[in-house]
Amino acid sequence: MADERTEALREMASHRGLRLVSSRRRKPGGDLGKYGLRQPDGTPVFGMEGKTLTASADEVEAYLRDAVRATWGKSAGSAKPRPKAKVKPAPALKPKPRPKLKVENLLKALPAAKRAEAFTEILAKPGVRIERIVSRGQATPDDAPMVQDSDEWVVLLEGAAGIRVEDSQEAVLGPGDHLWIGRGQKHWVTWTAKDRPSVWLAVHLD
């Protein structure tokens, strides 16, 4: 049993880079059953006073275990934490370019309309047609009234004009004035301003 304990201590010492020394001197005053530890070059480390061994097996084991804990604690304390891996931010998604709105102005780039009224189609969809009419001094002849197969809503955007619908008196229109003309109704533009363009917006509804 003593030999097993000695071998276990020797193995522990070897793991620490030390050599275990045990005594077998049985004479009176000897150090039988005592142990010591020394460096491989013979330098005493623990449990040795000259050539005499002074440490018990328990003391040697305790010394070796304390040395292991001390070394482990020092190693753990000196270990540098691993730097955290840098996470690259995901590339920002570029917003889709928004289409540019095509904005036009009904009152810009007007045709001269000196000889005849100028008609420009603005929109044509099933059941509806929108047109701009530019007048400059024109009028509807008394014997040739306008008659349409569709309802019409008309607004005067600019200028001045007179208009008459059958069985009604003449109405004088200024910018912003509008009226409704039913399908099949005879109507006349009695006059339009001669010194400036008169701009109409007509909405025809089938």
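This is a short talk on the fold content, the nonpolar cores and the salt bridges of one chain. The model is a predicted one, so please keep that in mind throughout.

I will start with the overall numbers. The chain has 206 residues, and 29% of them count as buried. Its secondary structure consists of two helices and 13 strands. If we take the contacts with a separation of 6 or more, 54% of them are between residues 24 or more positions apart. The accessible surface comes to about 15300 Å², and carbon and sulfur atoms hold 54% of that.

Next, the cores. Which residues make up the largest nonpolar core? There are twelve: I133, V154, L156, A161, I163, V165, L173, L179, I181, V189, W200 and A202. Four strands each supply at least two residues of this core, namely β8 (151-158), β9 (161-165), β11 (178-181) and β13 (198-205). The strand that gives the most is β9, with three residues. As background, nonpolar side chains in soluble globular proteins tend to be buried together.

V165 is one of the members of this core. Leaving out residues up to four places away in sequence, V165 touches L179, I181, Q185, K186 and H187. Apart from this core lies another one, of ten residues, including A13, Y35, A55 and V60.

Y35 comes up again in the contacts of T6. T6 sits in helix α1, which covers residues 2-15. Is T6 buried or exposed? The relative accessible area of T6 is 10%, so T6 counts as buried. Beyond its neighbours within four places in sequence, T6 is in contact with L20, S22 and Y35.

Now the charged pairs. How many salt bridges are there? The count comes to eight. I will go through three of them, and then a network.

The first pair on my list is E104 and K102, whose side chains meet with an N to O distance of 3.4 Å. Both ends are open to the probe: E104 is exposed, with a relative accessible area of 61%, and K102 is exposed as well, at 73%.

The next pair is R129 and E131, where the N to O distance is 3.3 Å. Here the two ends fall into separate classes. R129 is partly exposed, with a relative accessible area of 33%, whereas E131 is buried, at 10%.

Then there is D151 with R183, where the closest N and O atoms are 3.5 Å apart. Why does this pair tie together separate parts of the chain? D151 lies in strand β8 and R183 in the loop between β11 and β12 (187-192), so the bridge links parts that are 32 residues apart in sequence. D151 has a relative accessible area of 19%; the cut-off for buried is under 20%, so D151 counts as buried. R183 is partly exposed, at 42% relative accessibility.

Finally, the network. R5, D58, E61 and R65 are joined into one network through salt bridges that share partners.

To recap, the largest nonpolar core draws on β8, β9, β11 and β13, and the bridge from D151 to R183 runs from β8 to the loop between β11 and β12. That is what I have on this predicted model.

Technical notes: Residues are numbered from 1 along each chain as its sequence is written. This is a predicted model: local features need pLDDT of at least 70, side-chain atom pairs count only at pLDDT 80 or more; totals for chains, interfaces and linings use all residues. Side-chain values use heavy atoms; hydrogens and water are left out. Buried means under 20% relative accessible area, exposed over 50%, partly exposed in between (1.4 Å probe, protein chains only). Contact means heavy atoms within 4.5 Å. Accessible areas come from the Shrake-Rupley method with a 1.4 Å probe; for residues, only the protein chains shown count as cover. A nonpolar core is a set of buried Ala, Val, Leu, Ile, Met, Phe, Trp, Tyr and Cys residues joined through side-chain atoms within 4.5 Å. A salt bridge is a side-chain nitrogen of Lys or Arg within 4 Å of a carboxyl oxygen of Asp or Glu.
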